[in-house]
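Thanks for sharing this one with me. My notes follow as numbered points, so you can read them with the structure open beside you.

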Amino acid sequence: MDLQTLFYLIAVVLVALGVAGTILPALPGIPLIFAGMLLAAWANGFELVGPWILLVLGVLTVLSIAIDLLATAMGAKRVGASRMALVGAVVGTVAGLFFGLIGLLAGPFLGALAGQLMHDRHLGRAARVGFGTWLGMLVGTVMKIGVVFAMLGIFAAAWFF
């Protein structure tokens with residue numbers, strides 16, 4: 001196997017991990033996708049994917065990070081979440097990884113609920129905060145999936161056309 005093929009293989013692995021990381025919060029999804037695309041472009045000598053395309057992909061990567069942070073924060077802020085609820089949502093998300101799809105869906109809600117309960121011990125408010133935080137994370141994930149499709153489409157168009 002020559003070096004260029006090895007670089008392409010690593011690029012594909014990075015993109016695949018990045019796609020998984022778009023859903024799984026333990027991996028930096030879209031930055032991994034960008035790294036894989038950058039490596040593939042570099043391995044090709046930037047002949048097919050040039051600096052302008054990489055700039056657009058880089059802007060989309062930064063946008064995805066902003067989406068990730070803002071969607072969760074806006075969902076939590078809208079329902080009056082405490083810092084402990086936000087920390088709980090993160091802990092619940094990580095813990096949820098070990099329980100498959102159900103854990104990924106329930107973990108952020110249960111974590112935010114527990115964090116808010118520790119903060120003010122009011123079950124109704126904690127449930128509202130848990131739901132709002134979970135909804136914000138879900139909206140952010142859906143938006144990031146849209147960014148991933150845009151990045152893959154832009155890269156493929158540059159590479160093949």
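1. Let me start with a small puzzle: in which loop does R121 lie? Please bear in mind as you look that this is a predicted model. R121 belongs to the loop between α5 (100-120) and α6. Its phi is near 55 degrees, a positive value in a residue other than glycine. R121 is also exposed, having a relative accessible area of 70%.

2. A second residue deserves a similar look. F46 is not a glycine, yet its phi is positive, at about 60 degrees. You will find F46 in the loop between α2 and α3. Is F46 buried, partly exposed or exposed? With a relative accessible area of 34%, F46 counts as partly exposed.

3. Now for confidence. The average pLDDT of the chain is 91, and 100% of the residues score at least 70. Among the elements, helix α2 (residues 29-43) has the highest mean pLDDT, 96. Helix α4 (residues 83-96) has the lowest, with a mean of 86.

4. On the overall layout, the chain has six helices and zero strands. In sequence order the pattern reads α-α-α-α-α-α. The C-alpha trace spans about 60 × 30 × 20 Å along its principal axes.

5. How do the contacts spread along the sequence? Take the contacts between residues at least 6 apart in sequence: 65% of them join residues at least 24 apart.

6. The interior comes next. The chain has 161 residues, and 38% of them count as buried. The largest nonpolar core holds 19 residues, of which M37, V49, L57, V147, M151 and F155 touch the most other members. Two or more residues of this core come from each of α1 (3-23), α2, α3 (51-78) and α6 (123-160).

7. L57 is a good residue to click on if you want to see this core from one position. Which residues does L57 contact, once its neighbours within four places in sequence are left aside? They are F34, M37, M151, I154 and F155. Among these partners, M37, M151 and F155 also appear in the list of core residues that touch the most other members.

8. Last, the surface and the charges. The chain exposes about 9200 Å², and carbon and sulfur atoms supply 79% of that area. There are 7 positive and 4 negative side chains. The centres of these two sets lie 28 Å apart.

Definitions and conventions:
Residues are numbered from 1 along each chain as its sequence is written. This is a predicted model: local features need pLDDT of at least 70, side-chain atom pairs count only at pLDDT 80 or more; totals for chains, interfaces and linings use all residues. Side-chain values use heavy atoms; hydrogens and water are left out. pLDDT is the predictor's confidence in each residue, from 0 to 100. Helices (H or I, at least four residues) and strands (E, at least two) are DSSP runs, numbered from the N terminus. Buried means under 20% relative accessible area, exposed over 50%, partly exposed in between (1.4 Å probe, protein chains only). Contact means heavy atoms within 4.5 Å. Accessible areas come from the Shrake-Rupley method with a 1.4 Å probe; for residues, only the protein chains shown count as cover. Lys and Arg count as positive and Asp and Glu as negative; His and the chain ends are not counted. The place of a charge is taken as NZ of Lys, CZ of Arg, CG of Asp or CD of Glu. A nonpolar core is a set of buried Ala, Val, Leu, Ile, Met, Phe, Trp, Tyr and Cys residues joined through side-chain atoms within 4.5 Å.
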